[in-house]
Every structure is written in C-alpha cells, then in structure tokens.
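Ready for some practice in reading a structure? Have a look at the model below, then work through the exercises one step at a time.

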Amino acid sequence: MTALGRRIEDRSFAIIDEEAGDHGFPDAEWQVVRRVIHATADFEFSSLMRLHPEAIARGIAALKGGAPVLVDVKMIGVGLNEQRLASYGCKIHCFISDDDVIQAASAAGSTRAIEAMRKAHRLGLLDGAIVAIGNAPTALLEVVRLAREEGARPALVIGVPVGFVSAAESKEALLESGLPSIVARGRKGGSPIAVAIVHALLLLSAESTQSTQATQSTQSTQPTQSTQSTQPTQSTQATGASAPAQGAR
C-alpha cells in the first residue's frame, strides 16, 4: 500500500471509530467488526455481528498453522490476499465450479454449494479449516449438517451469506451449532464481508506474531544475575566478620 493509500485507510478507520462510539466489543473483536463496516460503509453491522468467544483465537491459530481456507464462491478467493495467506502456508480451496460437483448437484437435485462442501469433507479439508461463506446459505447449512451428523470440525466458520431465502436461517443454525464462528445475523452479508473478516484475522495474526517476537527479544536482552554475584564471596564474608572486632578494639 502506498503512503497516500495508508493515510486514506487510517482516516477511514478513525471516522468509523468516531461515529461508532461506545460499541462494547473487545479490542480484537472490534478489529473484525470495524473492517466489516469499512468494507460496507454500513454501521448496522456493529449490531449484527456475533463472534463466538473462541473465534479470534481459533482463527489466528488456524492461520498460523497453515490451515486450508475453504470458500463457497470464487469471488471470495479472488478478494483474499494470497501472498499473506501463503506466508503461513494457507491455501484457498473452492470447488463450486468443479465438473464433478456440478454433476453431483444435478444428479441429487441439490445445489453446487452443498456438493462443494461435501467434496471438501471427503477430501479431509473441513477439519481444522477456516470456512468462509459469503454467498450461499445452502453451503452454510451443509457445513452445520456435516459437523452435526458426520463429525466435521472446522477451526472457524465465517457465516455471512447474503440473501432472502435461508440466509438468516442458516446463520442462526450456525450460532446454535456451537461451532467457533463469526456471523452477521439477518439477510445482510456477502463475499466482501467474508474477505474483510479473513483480512482482519490476518492482521491480528501478524500483530500477535510481532508481539511474541518483541517479548522474546526483550527477554533475551535482559541481563541475568549470576549466582556468584548474588551470594557473598568468602572474602566478603571474612571482611564482614572482622568489622565488629575492629570496632571493639
């Protein structure tokens, strides 16, 4: 990002902080929510966002561990910063346009989004993954079903599909599932919001790494007291013992 671009972004976040007022989110969660507001210019998201208590920690750990990032549509994948994800060893996966997924959806009378999630599960990509769903409620409902019925265990589910049919219901199902999640309740959502949330987690991950490195650096530069310096030497003990006798004479 150029210097001008950075100034514009910083000013944008400052405006969001000013206009949002007392939002009640912990600092790390606010970093996620305000990036969603930044992507949409919609302050209603401050009241729509729900974050599982372990969502931030799970997301950061998954990224640092090189977890797969499973997305429901290519638009999310295009919007994500592949270079930053690759620095952790994370790879983006999207199966919505695969021939076998299209054929399976046609044969089963389901949706490509459903079959894409099933394929990800068959390939072992759901367990430990960050799942970002910004378009298809049926994809989100399938992830919840796979967790409930087939034991899938994603590290974090970002559930922000947009729409009028099953969008709100799919998000409520996710919240009720108990899976670590970040959700925008109601009809609002979309791929840009999913992208914004992943990018917020990437920034939080980078800050976490920098904080850890700074702590380690501080510890390594602090002088350590030797055992000898904290204990009296034989010569000192002897001097200390003779001092009262000199005073007595």
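**Exercise 1: Two helices side by side**

Helix 9 and helix 10 are roughly parallel to each other. Your task is to work out why, using this predicted model.

*Solution.* Start with the axes: those of helix 9 (residues 137–150) and helix 10 (residues 167–177) come within 9 Å and cross at roughly 20°. Next, recall the cut-off: angles under 35 degrees count as roughly parallel. Helix 9 and helix 10 therefore fit that description. For the hand of the crossing, note that it is left-handed. Finally, look at who touches whom: Pro 137, Leu 140, Leu 141 and Val 144 in helix 9 meet residues of helix 10, among them Ala 167, Ser 170 and Leu 174.

**Exercise 2: The neighbours of strand 4**

Which strands pair with strand 4, and in which sense?

*Solution.* Take strand 2 (residues 69–71) to begin with: strand 2 and strand 4 pair in the parallel sense over three bridges. Here Val 69 stands opposite Ile 130 of strand 4. Then turn to strand 5 (residues 156–159), which pairs with strand 4 in the parallel sense over four bridges. In this pair, Val 131 stands opposite Val 157 in strand 5. To get from strand 4 to strand 5, the chain passes through helix 9, and this β-α-β crossover is right-handed.

**Exercise 3: Two faces**

Which way do the residues of strand 4 point, and are they buried or exposed?

*Solution.* Begin with the general pattern: in a regular strand, side chains alternate between the two faces of the sheet. Now check strand 4 (residues 130–133): Ile 130 and Ala 132 point one way, while Val 131 and Ile 133 point the other way. All four of these residues are buried.

Conventions
Residues are numbered from 1 along each chain as its sequence is written. This is a predicted model: local features need pLDDT of at least 70, side-chain atom pairs count only at pLDDT 80 or more; totals for chains, interfaces and linings use all residues. Side-chain values use heavy atoms; hydrogens and water are left out. Buried means under 20% relative accessible area, exposed over 50%, partly exposed in between (1.4 Å probe, protein chains only). Two strands pair if DSSP finds at least two bridges between them. A crossover is right-handed if, with the strands pointing away from the viewer, the path from the first strand over the helix to the second runs clockwise. Axes are lines fitted to C-alpha atoms, for helices over the stretch in contact, and angles run from 0 to 180 degrees between N-to-C directions. Angles under 35 degrees count as roughly parallel, over 145 as roughly antiparallel, 65 to 115 as roughly perpendicular and the rest as oblique. A crossing is left-handed if the near helix is turned anticlockwise from the far one by less than a right angle, and right-handed if clockwise. Contact means heavy atoms within 4.5 Å.
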